[in-house]
Structure formats: structure tokens, C-alpha cells
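Me: Could you show me how to read a few features of a structure, starting from the basics?

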Amino acid sequence: MIQENTKLRTLGTFLKSRRNQLQPEQAGFSHSYGQRRTPGLRREEVAVLAGVSATYYTWLEQGRDVTASRDVIENIARALQLNPDERVHLLQLWNPNEPETIANVSTISPHWQHILNQLHSPSIITNHMSEFIFWNPAANELFSNLDAMLPEERFFMRLVFLNEEFRSRIVNLEEYTISCVAVYRSYYNRHPENLFFREFVQRLCRDSPEFEAIWNLHHVQLQKACLLHIHMPSAQQIVTFDSNSMATLDNSPNYHMCIYSPVSS
């Protein structure tokens, strides 16, 4: 029951964040009665657009245990003008068959390290918590010296926001950080009962005001991160990398291999 309530609250928080992002004019409300005290649409307006009662939609945002059909969720997604990634994410939060917990992510065959060592492009394997599991020498050059980091520092999200060496070389830093946080939140929201996720995010919010500000936008992204434009130490020019992801390693959906391939100019 606690896990279910947590998941319902996560769905409600996500709906509220998207409602606050949608301006009345965008939704076709050209006239507003009364002063608006908060940004975005009112709950009553979303309810009208979605064809549900204001009380029903309010209960959804409040995380109450109410039954919502797929048609209702789809109507709400259209009312909030969700993009394709946001729509899929909303359905994943609503889906009663979505797994409630993350499986054990502590074991993966070491043969993956040998595979990565054969690749010339920077390549990493991380788990859902963004922890680096395996990486090749080229990844050390791209990201920073992962070999020299302490285990508690060896998380992709910490690297992006707290490693000044890496950050100082990223040309499109703002775009890249927003994309990375959106991808990470898509995992986080699907597992709201996971204690590690909550504590990790709390620590990163404390250590990085920039991360906290982006996190509070509640953006989600289900696709791979954006292109990475970076000054490589071994190059005299900016190098652009595209990330190509592989999931379900060793029959576990909790591991991801990512190969950073240079993009020809």
C-alpha cells in the first residue's frame, strides 16, 4: 500500500508540473476570470479539456487512490499537450503492471569489460542509478579519469554536475545537462519507492543548485541524451559525439551500454 501510494503521488506531481508549464493561451483559454495566483492552467481547466470532473482530476493530482482508465489518461495527456516522451512516461506511471522495484543491479558478467576494451570509441556501462560499472580507456579521456575516482564519486549524474574538469570542456553544457536530468527523472519517477534514488537526488540537490533547479522542472526524456560537443584534451578542436545505447545486458533491463561515436563534420 505504501509503494502504491508513493507511485500515485509521483503521478500526481508529474501532472501538476505539466499543468504549470502550459499557459492558458496555449490551451485555448483566451479569457480568464479572476486573478491567476499560480502559473499555467487551473485544475478546472484541465478537467474541462480532458472531459472529467474537476474533483476527479484534483484527486489524481493529489495522489489519491482513484481508478483511471487508459482513455482518461490519454485524454489528460492531450489536454496537457504532452510531447511523445511525456505521454509515454505518463502511461508508464499509470500502468498498474509496471514493475514496482528495481531488480538487483550489483552483478553483471565481467566479460563486458573485455568487450568495451576492444572498442576504440568511448564506451561505458552504467546501471539505472547512473553508476559507472565498466568503462574503457577512451572513456577516461572523454569524461575524466574514472579510474582515479572514489566509488561514491563514480556516478554519471555527479560527473555532469560536480566534476569541473569535465564540465569546463562541454560546449553545449546547458542543453546537455537538461537532457541528462530529463532522462534520469524518467527512471526515477517509475521507481518512486527506491530509497537509493531518493537519497541520491537529495544529496545532488544539496551539492548542486544547478541540478536542483533543473530537477524541479520535472522534464522527462525517454530517448538517448543529446549530442555532446566537447573540447577533447587530445584534439585542437571541438569534437561532437553521438551516444548509441544498448539495454538489457545479461537479461537485465537495469544495465545500459553507451558508445560515444564521433560525428563527422
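Reply: Let's begin with a term: helices (H or I, at least four residues) and strands (E, at least two) are DSSP runs, numbered from the N terminus. In this predicted model, local features need pLDDT of at least 70 and side-chain atom pairs count only at pLDDT 80 or more, while totals for chains, interfaces and linings use all residues. Residues are numbered from 1 along each chain as its sequence is written, and side-chain values use heavy atoms, with hydrogens and water left out.

Me: Where does Ser-17 sit, and why does Ser-17 count as buried?

Reply: Buried means under 20% relative accessible area, exposed over 50%, partly exposed in between (1.4 Å probe, protein chains only). Ser-17 belongs to helix H1 (residues 2-21), and it counts as buried because its relative accessibility is 8%.

Me: What does the side chain of Ser-17 reach at 2.7 Å?

Reply: That partner is the backbone oxygen of Phe-14. The Ser-17 side chain also has a polar contact with the side chain of Arg-18, at 3.2 Å. A polar contact is a pair of N or O atoms within 3.5 Å; within protein, one must be able to donate a hydrogen and the other to accept it, and residues adjacent in sequence count only if both atoms are side-chain atoms.

Me: Which residues of helix H2 are buried?

Reply: In H2 (residues 43-50), the buried residues are Glu-45, Val-46, Ala-47 and Ala-50. Just after H2 comes Gly-51, with a positive phi of about 75°.
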